[in-house]
Amino acid sequence: LLVACGMVAVPRALERPTPTRLAAVGLITALLVYTQYWAFYLVAVVGALMVLQRRWPLVAAIAIGTLTFLPWLPTFLSQRAHTGTPWGDPVLPGLPIGETFLGFSGGEEQEGWLLLLLLVPLVVLGVFGRAVDSRRVELDVRGAPGARWTALVGGSTLVVGVSLSYLAGQAFEPRYSAIVFPFFVLL
């Protein structure tokens, strides 16, 4: 829900960065980082994109929202040292990405695999397809204009998350990637 709210709030703040819209981005950022630690990957990706675009008011709103996490930092560091996924071994990013798509499709049951075979082509069409007319879809390797940012942010967040988890020696559970589910659904 919070990611979906952010998917509305950030474009609105980009369109017109009023104090109210920027406060909404900051509040959603704060709620996200307190709610799910993988949100830091999403915040980093969106923050980096805003820096690259020189959208300084949004960078400030995201930074302020992230800074609200400072009081919780000692607890976070303790949790990181003593909890997590001690039963598992880190795996290269390809497997967690595949597990994420399978999890979004319904899991390892037969129906999940069948739905995965349908959903992956639909995501590809969502990212690269453009309707030519009522019967034909054209594929554009640059991506459909409306889907480029959704695919970039959602895909980058997933890749950054699984890559940094691997580098940190952390195992992966598909539920961690729930932070990118709204991007998957939208695509």
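A residue counts as exposed when its relative accessible area is over 50%, and as buried when that area is under 20%. Keep those two cut-offs in mind, and remember that what you're looking at is a predicted model.

Let's try the rule out on Arg54. You'll find Arg54 in the loop between helix 3 and helix 4. Its relative accessibility is 64%, so Arg54 counts as exposed. There's something else to spot here: the phi angle of Arg54 is near 60°, a positive value in a residue other than glycine.

Now step over to helix 4, where Ile64 sits. Is Ile64 buried or exposed? With 56% relative accessibility, Ile64 counts as exposed. If you'd like a feel for distances, look from Ile64 to Gly143: from C-alpha to C-alpha they are 32 Å apart in space, and 79 residues apart in sequence.

Next up, how helices sit against each other. Two packed helices are described by the angle between their axes and the distance between the axes. Start with helix 2 and helix 3, whose axes come within 8 Å and cross at roughly 145°. Which residues meet there? From helix 2 come Thr29, Leu32 and Val33, and from helix 3 come Ala39, Phe40, Leu42 and Val43. Sorted by class, that contact of helix 2 with helix 3 has six nonpolar residues, one polar and no charged.

Then there's helix 6, which you can follow into two contacts. Take helix 7 (residues 110-128) as the partner: the axes of helix 6 and helix 7 come within 8 Å and cross at roughly 105°. An angle from 65 to 115 degrees counts as roughly perpendicular, so that is how helix 6 stands to helix 7. On the helix 6 side you'll see Phe101, Leu102, Phe104 and Ser105, and they meet Glu111, Gly112, Trp113, Leu115, Leu116, Leu119 and Val120 in helix 7. The residues of this contact of helix 6 with helix 7 divide into eight nonpolar, two polar and one charged.

Helix 8 (residues 148-167) is another partner. The axes of helix 6 (residues 94-105) and helix 8 come within 9 Å, crossing at roughly 130°. That makes helix 6 and helix 8 oblique to each other, and their crossing is right-handed. Here Pro96, Ile97, Thr100 and Phe101 of helix 6 meet Leu158, Val159 and Val162 of helix 8. In this contact of helix 6 with helix 8, six residues are nonpolar, one is polar and none is charged.

On to the aromatic rings. A pair of aromatic rings is described by the distance of the centres and the angle of the planes. How many aromatic pairs does a search of the whole structure find? It finds 14. One of them is Tyr37 with Phe69, an edge-to-face pair at 6.1 Å centre to centre with 85° between the planes. Tyr37 lies in the loop between helix 2 (19-35) and helix 3 (39-52), while Phe69 lies in the loop between helix 4 (56-67) and helix 5 (73-82), so the pair ties together parts that are 32 residues apart in sequence. Tyr37 counts as partly exposed, at 30% relative accessibility, whereas Phe69 is buried, with a relative accessible area of 4%.

Another edge-to-face pair is Trp38 with Tyr41, at 5.1 Å centre to centre and 85° between the planes. Both Trp38 and Tyr41 are buried. You can also trace a cluster, in which ring pairs link Tyr34, Tyr37, Phe40, Phe69 and Phe76.

Trp38 and Tyr41 turn up again when you look at Ser165 in helix 8. Not counting residues up to four places away in sequence, Ser165 touches Trp38, Tyr41 and Gln170. Ser165 counts as buried, because its relative accessibility is 6%.

Finish at Phe183 in helix 9 (residues 181-186). Phe183 is buried, with a relative accessible area of 7%. What is Phe183 in contact with, leaving aside its neighbours within four places in sequence? The contacts are Val3, Met7, Leu42, Thr150, Val153 and Gly154. As for Leu27, it lies 156 residues from Phe183 in sequence, and the two are 20 Å apart in space, C-alpha to C-alpha.

How values were computed:
Residues are numbered from 1 along each chain as its sequence is written. This is a predicted model: local features need pLDDT of at least 70, side-chain atom pairs count only at pLDDT 80 or more; totals for chains, interfaces and linings use all residues. Side-chain values use heavy atoms; hydrogens and water are left out. Axes are lines fitted to C-alpha atoms, for helices over the stretch in contact, and angles run from 0 to 180 degrees between N-to-C directions. Helices (H or I, at least four residues) and strands (E, at least two) are DSSP runs, numbered from the N terminus. Angles under 35 degrees count as roughly parallel, over 145 as roughly antiparallel, 65 to 115 as roughly perpendicular and the rest as oblique. A crossing is left-handed if the near helix is turned anticlockwise from the far one by less than a right angle, and right-handed if clockwise. Contact means heavy atoms within 4.5 Å. Ala, Val, Leu, Ile, Met, Phe, Trp, Tyr, Cys and Pro count as nonpolar, Asp, Glu, Lys and Arg as charged, and the others, Gly among them, as polar. Rings of Phe, Tyr and Trp (its six-membered ring) pair if their centres lie within 6.5 Å; planes under 30 degrees apart count as stacked, over 60 as edge-to-face and the rest as tilted. Buried means under 20% relative accessible area, exposed over 50%, partly exposed in between (1.4 Å probe, protein chains only).
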